[in-house]
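Q: I am new to this structure and would love a close look at its enclosed space, followed by a walk through the contacts around it. Could you take me through it slowly?

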Amino acid sequence: MSQTDRPSPEALLRAAAQEGRGRLKIFLGAAPGVGKTWEMLSEGRQRRESGVDVVIGVVETHGRRETEALVEGHEIITRRSVDHVGHSLGEMDIDALLERRPQLALVDELAHTNAPGSRHPKRYQDVLELLDAGIDVYSTLNIQHVESLNDVVASFTRVRVRETVPDSVLEQAEIEVVDIPPDELIERLKDGKVYIPHEATRALGHFFSKSNLTALRELALRRAAQAVDAQMLEHVRAHALAGNFAAGERIVVAVSEHGHAAGLVRAGKRLADALKAPWTAVHIETARDRAYTDDERRQLADNLALASRLGASTASIPATGAFEGLRDFAREARATQIVLGKSERSWWFEWRHGSVVDRLVREVGEVAIHVLPAGESPGPSPRPQRLALPGAWGDPDDYLWSLLMVAAMTVLGRLLLQVIDLSNISLLYLVPVMFAAATFSLRAGLFAGIASSLAYNFFFLPPTGTLTVSNPENVISILVLLGVAIVTSQFAARVRAQANLAGSSSRQNAALAGFSRQLTAVATGDELMQAICADIARLLDVRTALLLPSTNGPDLQAAFPPEDRLGQIELAAAQWAIDNEQPAGRGSTTLTASDWLFHPLRTSRGVLGVLGIARQDAGEPIRSDQMPLLMSLLDQASIALDRMALQKENLEARAIGERDRLRSALLSSVSHDLRTPLTTILTAAQQMKAHPSPDLAETIETEAQRLNRFVANLLDMARIEAGALPMKVEPTDLFDAVASAAHDTRISLQGHKVVVDIPADIPLVRVDPVLLHHCLINLLDNAGRYADAGTPITIRGRRLPDALLLSVIDEGPGILPGEERRVFETFTRLQGSDRVRHGTGLGLAIVKGFAEAMGLSVEAANNHDPHGACFTIRLPEAVLLTQIDSGDVP
């Protein structure tokens, strides 16, 4: 195949986008135990010995001695500890890797799900961040974890894998298949090299059967071949290399508006299945598409939808002709086989228009052409609506304007006859011919050409005033003028048709782009569904309604206009569309009594809902020429709804994880903070029975106060989360507030000297004294509990131009850098800092909640001289009483 194309701009842009990014290599296996981790570590060791800076981000050896031996000698990034449901989980420390910035990072198990609280929910997202930072990554993956193959694997293994990796990650990676025969893998399993013995026995009877392993092995090899083929095509497109590079089969099926095209689609599917090859169904848009009937447009949409359901990629390509469009698309796709139909046409038709099949066979010799008989080509009779237009020859006004242009050129020619030669007068008549052909139609241009010839003969050629030609040379002039007029009008009409086609395609692309931007801008599900209805209604001039499935039938979620309501027959049509994943209602083949047409919104996860369409005048819901745009809009809407549903599920999963974390922390806190003082009280009470003493009574009182404070904290936290904080704001003296809080926490502050450093001229503040008292109590209790023994605790006030800062400073280990915000989270007790000792983790969360309720803010920081933690309440200028009014005096 001759190739004169320039490099693909899209391929060059994608290649440019990879500049500066790291490269990803995936060691792909059919199942656990084939040696992916071993192979990754072996290649990592070779790279390290060749001088490459290699570190291990995370590797799972699963206790295999040969794998553990390969880990030795590598630098290993210490895993980050994450608390989850009372257990400490080790996850890859992505921040440490980014700070270390090696040339190559080894990251095992790409499909792993990170523990709740990690930066990214999935490990492959960690890997993408490393790649963006310019770090090369080696990783491992089993074929059952590939998103697009998840359903296929589940169909024969009966195991649904929940951890998946998007195919887009594999598309940007170099893939190395780590493969061993199924019998050898089964022997490894029996020898205990994959799982421990009792798990191995169960696995052999289920997932690791020979039939399953053989099928998984084929999937892994085929998926790797597809990735290699895609990368090869990207390279040849970026470098404009000639040829189809038929290392793998690639099939293109030509789809038309005729019913027999469905047979071509099914034949293409059978061929693709037999060759295990990707295939594309393509429709070539030409100027004649505008003359399609409603039935033909609907048939074309059905043919493309059928191809999509059977697993094909679909495309609609504008071109000047069917042959040119199909040839260029096959070259761009590097197709190796083309499937198309050949209708029975008359010799006269083929003599005038030629045969697409014959031209393809002659000009694309390296591609196999599969020709299926398509029967007789439909004639012009089934196109009645064209005759319903202003006429088969176009609008009469077009011919009137053409005739006026010819008359104008005739008048101009008579005026110029004394100045220029008669032979040059004929050139003036090219103007109306080109104008009519470019502005109106080919037939209008031909009419202008004939009228120009007659006018030239009648008004300029002797004998003038007649259609007689006395000089034979003038006959040649007339014929040349008519010929030039015909050729010029054909060229002008073709250019106009191409411009109209390009303009239509551009408008459709602009509409789709605007629709996509609108959908990505919304933040909630309700806004998204309303935006879908409003935009489709605006673009297609229809009424719309969006319904989601529920236990009580289709539930109307959004509509445009908003007041639209649906009857029982419409709801029945919507339910049928949901159940059968096919259109239903008016304009379809099912429940046509409905005024609405319902289209299912399909994704890989099934039908998410249906979109209903109707017209204000109760006419056909969708015009035939709008069907391609509607299908594209439905695809975009389905993707947006799927994205929003996934986001909602992710938020719900995070909320469940957070509730589990809080529940676990609450149980842990209650078990410790209730049991410890209760044990002390019970012990003291028992001792008091035998030997009453003031010390034992004081112990009971102290522990009872501790219990009371704990219960009060729980109640306060519940009030904060419920938003039920009654406040009584009044002028408050900070000296009194600090003295009262210090007195109430004197037992917690035993062994610590309290230093109050507050300027004498500090103003009163308008706050709730009770809430402020609770804030100071919790800060002082926190400082007394975690400060080093014998060290002072300082309460410092400092005036700023726009605020007042009140700080509680202790002398202890301080807070880990980067954790200053987390200390205020509910039930948070940070490891490796002064926040690890006994306590519920509620005190600082209560301080933050009460402070924000009063319009204040609180922050944590480390104090460096002396070293310790510093918690500061910021009172803004709005709550400071620099001038006391009479109304402020209590």
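A: Here is a tour that begins with the enclosed space and then moves on to charged pairs, a helix and a few loops.

First, a word on what you are looking at: this is a predicted model, in which local features need pLDDT of at least 70, side-chain atom pairs count only at pLDDT 80 or more, and totals for chains, interfaces and linings use all residues. Residues are numbered from 1 along each chain as its sequence is written, and side-chain values use heavy atoms, with hydrogens and water left out.

Let us start inside. Rolling a probe the size of a water molecule over the atoms shows where empty space is left. A cavity is a set of points, on a 1 Å grid over the protein atoms alone, where a 1.4 Å probe fits but cannot get out. The structure holds 1 cavity of 30 Å³ or more. The largest cavity has a volume of about 60 Å³, a volume being the space filled by probe spheres set on the points, with grid points joined across faces, edges and corners.

Which residues line the largest cavity? They are Ala30, Val34, Val178, Asp179, Ile180, Pro181, Pro182, Leu185, Leu213 and Arg217, where lining residues have an atom within 4 Å of a point. Helix H8 (182-190) and helix H10 (210-239) are the elements that give two or more residues to this lining. Helices (H or I, at least four residues) and strands (E, at least two) are DSSP runs, numbered from the N terminus. By type, the lining divides into 8 nonpolar, no polar and 2 charged residues. Here Ala, Val, Leu, Ile, Met, Phe, Trp, Tyr, Cys and Pro count as nonpolar, Asp, Glu, Lys and Arg as charged, and the others, Gly among them, as polar.

Now for the charged pairs. The structure holds 18 salt bridges, each being a side-chain nitrogen of Lys or Arg within 4 Å of a carboxyl oxygen of Asp or Glu. One of them joins Glu176 and Lys25, with the closest N and O atoms 2.9 Å apart. This pair links distant parts of the chain: Glu176 is in strand S8 (residues 173-178) and Lys25 in strand S1 (residues 24-29), 151 residues apart. Lys25 is buried, with a relative accessible area of 7%, while Glu176 counts as partly exposed at 21%. Buried means under 20% relative accessible area, exposed over 50%, and partly exposed in between (1.4 Å probe, protein chains only).

Another salt bridge brings together the side chains of Glu91 and Arg123 (3.6 Å, N to O). Glu91 lies in strand S5 (residues 87-91) and Arg123 in helix H5 (residues 123-132), so this bridge ties together parts that are 32 residues apart in sequence. Both Glu91 and Arg123 are buried.

Asp802 and Arg874 form a salt bridge as well, their closest N and O atoms being 3.6 Å apart. Because Asp802 sits in the loop between strand S22 (793-799) and strand S23 (803-809) and Arg874 in strand S25 (residues 867-876), the pair ties together parts 72 residues apart in sequence. Asp802 is partly exposed at 43% relative accessibility, and Arg874 is partly exposed at 32%. Beyond single pairs, salt bridges that share partners join Lys25, Glu43, Glu174 and Glu176 into one network.

Next comes helix H28 (residues 769-786). Its 18 residues reach 26 Å from first C-alpha to last, close to the 26 Å expected at 1.5 Å a residue; the expected span is 1.5 Å times one less than the number of residues. H28 is mostly covered, with 14 of its 18 residues buried. At its N-terminal end, Asp768 acts as a cap: a side-chain oxygen lies 2.9 Å from the backbone nitrogen of Val770.

Finally, some loops. Pro561 is in the loop between strand S15 (555-560) and helix H23 (568-580), and the peptide bond from Phe560 to Pro561 is cis, with omega near 0°. Glu581, in the loop between H23 and strand S16 (584-585), has a positive phi of about 55° although it is not a glycine. Glu581 is partly exposed, with a relative accessible area of 35%. Arg101 is not a glycine either, yet has a positive phi of about 50°; its place is the loop between helix H4 (94-100) and strand S6 (104-107).

Conventions:
Polar contact = N/O pair within 3.5 Å; in protein donor to acceptor, adjacent residues only side chain to side chain. 1 Å grid on protein atoms, 1.4 Å probe; cavity = no way out; pocket = protein on both sides within 12 Å on 5 of 7 lines; lining within 4 Å.
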